[in-house]
Amino acid sequence: MNNLPNCPKCNSEYVYEDGVLLVCPECAYEWDPAELAEAEEGTAAVDANGNKLTDGDTVTLIKDLKVKGAPKDLKQGTRVKNIRIVEGDHNIDCKIDGFGAMKLKSEFVKKI
Ligand SMILES: [Zn+2]
């Protein structure tokens, strides 16, 4: 019974377990499957520059954003503290002074 994943580097199916690590005998790549799973499913939120965003990061807006129901736009350069990465199209959950809780798209922000 072998339900180990194929090697992420060379796609070999002869992967074996070595403690908590998985090892590929063909290209000698070793990795922690738990870490890999986390990186994959976790929320792949990246900012406008392609930097990975994580919970608690502070970002700034790279453009003015219209906010449904709000009397004014969110201005470019607005600082957003303590973001939370969530699933979905708008993958940042945050609170912005004067606007309250809202969701943003990570492509419109830049990590500080
Ligand atoms: Zn390999």
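Biologist: Leaving aside its neighbours within four places in sequence, which residues is tyrosine 29 in contact with?
Modeller: In this predicted model, tyrosine 29 is in contact with Cys7, Pro8, Lys9, Leu22, Val23 and Cys24.

Biologist: What makes those count as contacts of tyrosine 29?
Modeller: Contact means heavy atoms within 4.5 Å, and the six names listed for tyrosine 29, Cys7 to Cys24, are in contact with it on that basis.

Biologist: Where does tyrosine 29 sit, and why is it called partly exposed?
Modeller: Tyrosine 29 is in the loop between strand E2 (21-23) and strand E3 (30-31). Its relative accessible area is 26%. Buried would need under 20% and exposed over 50%, so 26% falls in between and the label is partly exposed. As for distance, the C-alpha atoms of tyrosine 29 and valine 15 are 9.5 Å apart in space, with their positions 14 residues apart in sequence.

Biologist: Which atoms coordinate the zinc ion?
Modeller: The SG atoms of Cys7, Cys10, Cys24 and Cys27 do, at 2.2 to 2.3 Å. The cut-off for a donor to zinc is 2.8 Å, so those distances are within it. Along the chain the donors follow the spacing C-x2-C-x13-C-x2-C.

Biologist: Why is the zinc ion's site called tetrahedral?
Modeller: The angles among the 4 donor atoms run from 105 to 116 degrees. Four donors count as tetrahedral if all angles lie between 85 and 135 degrees, so this site gets the label. As a yardstick, the ideal angle for four tetrahedral donors is 109.5 degrees.

Biologist: Two of those ligands, Cys24 and Cys27: buried, partly exposed or exposed?
Modeller: Cysteine 24 has a relative accessible area of 1%, which is under 20%, so it is buried. Cysteine 27 has 34%, between 20% and 50%, so it is partly exposed.

Biologist: What makes tyrosine 14 exposed?
Modeller: Its relative accessible area is 55%, and exposed means over 50%, so it qualifies. Tyrosine 14 lies in the segment before strand E1 (16-18). Beyond its neighbours within four places in sequence, it is in contact with Val23, Pro25 and Glu26. By contrast, 52 Å separates its C-alpha atom from that of valine 67, 53 residues along the chain.

Biologist: Which residues have a positive phi although they are not glycines?
Modeller: Asparagine 11 has a phi of about 65 degrees, and asparagine 82 has one of about 55 degrees. Asparagine 11 is in the segment before E1, while asparagine 82 is in the loop between strand E5 (79-80) and strand E6 (84-85).

Biologist: And how do you know whether those two asparagines are buried or exposed?
Modeller: The relative accessible area is 52% for asparagine 11 and 57% for asparagine 82. Over 50% means exposed, so both get that label.

Biologist: Why is threonine 60 called buried or exposed, whichever it is?
Modeller: Its relative accessible area of 14% is under 20%, so threonine 60 counts as buried. Threonine 60 is in strand E4 (residues 59-61). Not counting residues up to four places away in sequence, it touches Gly77, Thr78, Arg79, Phe108, Val109, Lys110 and Ile112.

Biologist: How does the radius of gyration compare with that of a compact globule?
Modeller: A compact globule of 112 residues would have a value near 13 Å, but the protein has 20 Å. The C-alpha atoms fill a box of roughly 60 × 25 × 20 Å along the principal axes, and 27% of the residues count as buried.

Biologist: How many helices and strands are there, and in what pattern?
Modeller: There are 1 helix and 9 strands, read along the sequence as β-β-β-α-β-β-β-β-β-β.

Biologist: Which domains does UniProt list?
Modeller: The unreviewed UniProt entry annotates "Protein YjdM N-terminal" at residues 4-32 and "Protein YjdM C-terminal" at residues 46-111. In the model, residues 4-32 are 0% helix and 28% strand, with end C-alpha atoms 12 Å apart. Residues 46-111 are 0% helix and 30% strand, with end C-alpha atoms 9 Å apart.

Key:
Residues numbered from 1 in each chain as written. Predicted model: local features only at pLDDT ≥ 70, side-chain atom pairs only at ≥ 80, totals over all residues. Heavy atoms only, no water. UniProt positions renumbered as here; feature names shortened; annotations may be inferred. Helix = DSSP H or I, 4+ residues; strand = E, 2+ residues; numbered from the N terminus. Donors = N, O, S within 2.8 Å, 3.2 Å for Na, K, Ca; no water. Tetrahedral: all angles 85-135°; square planar, octahedral: opposite > 155°, others 65-115°. Buried < 20%, exposed > 50% of the residue type's maximum accessible area, 1.4 Å probe, protein only. Rg over C-alpha atoms; globule rule 2.2 N^0.38 Å.
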